[in-house]
Amino acid sequence: MTADDLAAAERRQDPFGPLPVTSLSAVERTAEREVCLYAGDIGDKLPEPSAAVPVLHNIGLAQLGMPLIDCVNVAELAGVCAEIER
């Protein structure tokens, strides 16, 4: 997942479309937007011998101190976010 993917997700109407893997630019964008928590149903791609560093965990969690919550009901979360305009 890239920063552009995150920007597109903010406008996304289809929550069941293909989901990308988190990239460094995506984690940088969350830091720039002062995101203090990642709660979602995707994250880093499972490790492969040639895979890049899992940046959501290694940068977001370890270096930025951003708590990560997996397997969240994102539909309900999106509804609450819409209610509070966040």
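The exercises below, each with a worked solution, concern a predicted model of a protein.

**Exercise 1. The overall layout**

Determine how many helices and strands the protein has, in what order the elements run, and what percentage of the residues counts as buried.

Solution. Begin with the inventory, which gives four helices and two strands. Reading from the N terminus on, the elements run α-α-β-α-β-α. Turning next to burial, the protein has 86 residues, of which 23% count as buried. The accessible surface comes to about 6300 Å², and carbon and sulfur atoms account for 58% of that surface. Finally, if one takes the contacts between residues at least 6 apart in sequence, 55% of them join residues at least 24 apart.

**Exercise 2. How helix 1 meets helix 2**

Work out how the axes of helix 1 and helix 2 are placed relative to each other, and which residues make the contact.

Solution. Helix 1 spans residues 3–10 and helix 2 spans residues 24–32; their axes come within 7 Å and cross at roughly 55 degrees. Because of this crossing angle, helix 1 is oblique to helix 2. The next step is to list the partners: helix 1 contributes A3, L6, A7 and E10, while helix 2 contributes S25, A26, R29 and T30. Sorted by class, the contact has four nonpolar, two polar and two charged residues.

The spacing of such residues along a helix can be understood from general geometry: an α-helix has 3.6 residues a turn, so residues three or four places apart point the same way.

One residue of helix 1 can now be followed individually. A3 is found in helix 1, and, leaving aside neighbours within four places in sequence, A3 is in contact with S23, S25, A26 and R29. For the pair A3 and S25, the separation is 22 residues in sequence and 5.1 Å in space, C-alpha to C-alpha. A second residue found in helix 1 is D5, which counts as partly exposed at 31% relative accessibility. D5 and S23 are 18 residues apart in sequence, with their C-alpha atoms 9.7 Å apart in space.

**Exercise 3. The buried side of helix 2**

Identify the buried residues of helix 2, and explain why they can be said to lie on the same side of the helix.

Solution. First collect the buried residues of helix 2, which are A26, V27, R29 and T30. Their positions around the axis cover an arc of only 155 degrees, and therefore they lie on the same side of helix 2. The next step is to ask what lies over them, and the cover includes helix 1 and helix 3, the latter running over 55–61.

The individual residues can then be checked against the cut-off, since a residue counts as buried when its relative accessible area is under 20%. A26 has a relative accessible area of 1% and is buried; A26 and V55 are 29 residues apart in sequence and 9.1 Å apart in space, C-alpha to C-alpha. R29, with a relative accessible area of 17%, is also buried, and, apart from neighbours within four places in sequence, R29 is in contact with A3, L6, A7 and E10. T30 is buried as well, with a relative accessible area of 16%. With neighbours within four places in sequence again set aside, T30 is in contact with L6, V35 and M66.

**Exercise 4. Positive phi outside glycine**

For E34 and E85, state the value of phi, locate each residue, and decide whether it is buried or exposed.

Solution. The background to this exercise is that most residues other than glycine have a negative phi. Take E34 first: although E34 is not a glycine, its phi is positive, at about 60 degrees. E34 comes just after helix 2 and lies in the loop between helix 2 and strand 1, the strand being 38–39. At 65% relative accessibility, E34 counts as exposed, because the cut-off for exposed is over 50%.

The same steps apply to E85. Phi of E85 is near 55 degrees, which is a positive value in a residue other than glycine. As for location, E85 lies in the segment after helix 4, a helix that covers 74–83. With a relative accessible area of 75%, E85 is exposed.

Definitions and conventions. Residues numbered from 1 in each chain as written. Predicted model: local features only at pLDDT ≥ 70, side-chain atom pairs only at ≥ 80, totals over all residues. Heavy atoms only, no water. Axes fitted to C-alpha atoms, helices over the stretch in contact; angles between N-to-C directions. Parallel < 35°, antiparallel > 145°, perpendicular 65-115°, else oblique. Contact = heavy atoms within 4.5 Å. Nonpolar A, V, L, I, M, F, W, Y, C, P; charged D, E, K, R; others polar. Buried < 20%, exposed > 50% of the residue type's maximum accessible area, 1.4 Å probe, protein only. Arc of directions from axis to C-beta. Areas by Shrake-Rupley, 256 points an atom, 1.4 Å probe, with all protein chains shown as cover.
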